[in-house]
Amino acid sequence: MEAVFAITLGVLMASGVYLLLRARLFPVVMGLTLISYAVNLFIFAMGRLASGIPAIIGQSAEYSDPLPQALVLTAIVIGFAMTAFVVVLSLRGLGELRTDHVDGREPRE
């Protein structure tokens, strides 16, 4: 299970970095979103992967750490706000620069 989780995190992070390096507006936004998802899953995994264990201390002999769950929930909200801001910023840049390249210039061929 841990190997599948690690491979999934690696694929998400590699895909996000690849999309960031594309230097176009929509792939950059998608790359940031994928990297955000990868980081959220990594933080969530730091709370130990276990199923059927309560997150309340004192209910059983073993419990799940609630801190990574709270951090991921907060990161999801912040990531959504960041994605909305970057989409609006990219639409504004597209409207003013008339190109979707991130530095405002089309690459020479």
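**Note on the predicted three-helix chain**

1. Read along the sequence, the protein chain runs α-α-α. The secondary structure amounts to three helices and zero strands; helices (H or I, at least four residues) and strands (E, at least two) are DSSP runs numbered from the N terminus.

2. This is a predicted model, in which local features need pLDDT of at least 70, side-chain atom pairs count only at pLDDT 80 or more, and totals for chains, interfaces and linings use all residues. Residues are numbered from 1 along each chain as its sequence is written, and side-chain values use heavy atoms, with hydrogens and water left out.

3. Of the 109 residues in the protein chain, 24% are buried (buried: under 20% relative accessible area; exposed: over 50%; partly exposed: in between; 1.4 Å probe, protein chains only). The chain exposes about 8,100 Å², and carbon and sulfur atoms supply 69% of it (Shrake-Rupley method, 1.4 Å probe; for residues, only the protein chains shown count as cover).

4. Among contacts (heavy atoms within 4.5 Å) between residues at least 6 apart in sequence, 51% join residues at least 24 apart.

5. Val 17 lies in helix α1, residues 2-20. Val 17 is partly exposed because its relative accessible area is 37%.

6. Thr 99 sits in the segment after α3 (66-97). What does the side chain of Thr 99 reach at 3.4 Å? The partner is the backbone nitrogen of His 101. Thr 99 counts as buried because its relative accessible area is 8%.

Methods
Polar contact = N/O pair within 3.5 Å; in protein donor to acceptor, adjacent residues only side chain to side chain.
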